[in-house]
Amino acid sequence: MENDFDRKVNRHVERLKKEKYQVIESEVSKKRISWFKQEYKAISGNKPLSPRNAYELLFFKYMGLSEKDVPVLWETEKEIVWSSINKCPTLEACKKLKLDTREVCRAVYEKSTQALLSQLDPQLRFHRSYLEIRPYSPHCKEMIIRMDFEEIMKIAIEEAKISKSEGNKGYGAVVVVGKQILGKAHDTTITEKDPSLHAEVNAVRQAVRMLGDTNLCGAILFSTCEPCPMCSSLAVWANVTTLVYGASIKETSRLGKSRIHISAKELIDKSPAMIEVIGNVLENECMKLMKEA
């Protein structure tokens with residue numbers, strides 16, 4: 001007789017056979033966000049939550065697991081790292097279909113897990129090691145860290161100041177995955193005489209070269225100004241997880257700084273990529289850069 005776990009595995013098998021990964025990713029995200037809003041939001045209140053709180057939410061409250069299924073390797077106030085050794089229907093479904101979990105889990109469950117955590121606090125970030133993932137490892141090594149968006153934006157602002165000192169237009173951008181900065185850059189459109197060399201373009205190019213991979217799933221792209229349609233499109237092609245910006249296109253257009261008045265979210269909503277957009281981080285500091293330019 002088929003038990004509950006076997007039924008879950010078979011459902012995963014059928015879904016992976018019939019549906020595109022992006023469709024599954026979207027469905028899983030909507031399910032998790034709906035659960036949070038209906039079952040958990042009233043409990044959580046407005047207090048800042050720690051990585052430990054987020055870990056317990058994800059595994060104990062949502063997935064119904066225990067700590068023996070996901071034993072903690074180490075934790076601090078800003079980070080919790082664990083090994084997933086629980087019975088996993090996705091793992092078994094991938095084995096049956098001879099699919100690579102490094103591809104499937106990244107495409108389906110990386111952003112959808114972040115979507116749940118972002119309901120708690122977007123600065124809580126989920127990451128998985130694709131060097132330590134089953135069945136290529138005895139466990140899946142995963143973590144949740146707390147990032148400081150303002151601290152990263154300050155790095156982008158420093159890049160924008162360098163841009164202005166060189167005679168460019170004064171924009172800065174940073175690409176981050178976990179605790180690692182993969183790219184930090186400013187616009188060089190004037191000094192290099194190339195209109196495509198916006199700060200975000202330069203930062204993304206650095207990031208993909210460092211990774212040796214054009215897929216930036218799990219990455220956050222920070223920008224002192226809301227990315228223009230070209231740079232928002234690049235974020236889609238690079239498959240970043242989140243865009244964080246300081247000054248909005250709406251505000252900078254009042255200063256005559258924006259040529260195409262289309263918001264990043266408007267463009268991303270027309271794409272198949274699931275990208276979180278967060279604005280107004282150190283907005284005043286970023287607007288000051290625009291006013292001084």
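Two aromatic rings, from Phe, Tyr or Trp, count as a pair if their centres lie within 6.5 Å, and such a pair is called edge-to-face if the planes are over 60 degrees apart. With this in mind, a search of the whole structure, which is a predicted model, finds seven aromatic pairs.

One of these pairs joins Tyr55 and Phe60. The two ring centres are 5.4 Å apart and the planes meet at 70 degrees, an edge-to-face arrangement. The partners differ in their surroundings: Tyr55 is buried because its relative accessibility, 0%, falls under the 20% limit, whereas Phe60, at 26%, counts as partly exposed. A second pair is made by Phe149 and Phe222, with 5.5 Å between the ring centres; the planes stand at 80 degrees, so this pair is edge-to-face. Here the contact links distant parts of the chain, since Phe149 belongs to helix H7 (residues 149-166) and Phe222 to strand S7 (residues 220-225), 73 residues apart. Both Phe149 and Phe222 are buried.

Aromatic residues also gather in a group. Tyr55 and Phe60 belong to one aromatic cluster, together with Phe59, Trp82 and Phe126.

Rings can have charged neighbours too. The charged end of Lys87 sits over the ring of Phe5, at 4.3 Å from the ring centre. In another place, Arg106 lies over the face of Tyr130, 6.0 Å from the centre of that ring.

Trp82 leads on to the strands. Strand S2 (residues 79-84) runs antiparallel to strand S1 (residues 72-76), and four bridges join the two. Only two residues lie between S1 and S2, which together form a hairpin. Across this hairpin, Trp74 stands opposite Val81 in S2.

The last feature to look at is empty space. Rolling a probe the size of a water molecule over the atoms shows where such space is left. The largest pocket has a volume of about 920 Å³. Its lining is made of 32 residues, and those nearest the centre are His12, Arg32, Met63, Pro89 and Thr90. Several elements give two or more residues to this lining: helices H1 (4-18), H2 (21-44), H3 (51-62), H4 (89-97) and H5 (101-108), along with strands S3 (124-128) and S4 (140-146). H1 gives the most, with five residues. By chemical character, the lining of the largest pocket divides into 15 nonpolar, eleven charged and six polar residues.

Terms used: Residues are numbered from 1 along each chain as its sequence is written. This is a predicted model: local features need pLDDT of at least 70, side-chain atom pairs count only at pLDDT 80 or more; totals for chains, interfaces and linings use all residues. Side-chain values use heavy atoms; hydrogens and water are left out. On a 1 Å grid over the protein atoms alone, a cavity is a set of points where a 1.4 Å probe fits but cannot get out, and a pocket is an open set with protein on both sides within 12 Å along at least five of seven lines; lining residues have an atom within 4 Å of a point. Grid points are joined across faces, edges and corners, and a volume is the space filled by probe spheres set on the points. Ala, Val, Leu, Ile, Met, Phe, Trp, Tyr, Cys and Pro count as nonpolar, Asp, Glu, Lys and Arg as charged, and the others, Gly among them, as polar. Rings of Phe, Tyr and Trp (its six-membered ring) pair if their centres lie within 6.5 Å; planes under 30 degrees apart count as stacked, over 60 as edge-to-face and the rest as tilted. Buried means under 20% relative accessible area, exposed over 50%, partly exposed in between (1.4 Å probe, protein chains only). A charge sits over a ring if NZ of Lys or CZ of Arg is within 6 Å of the ring centre and within 35 degrees of the ring normal. Two strands pair if DSSP finds at least two bridges between them.
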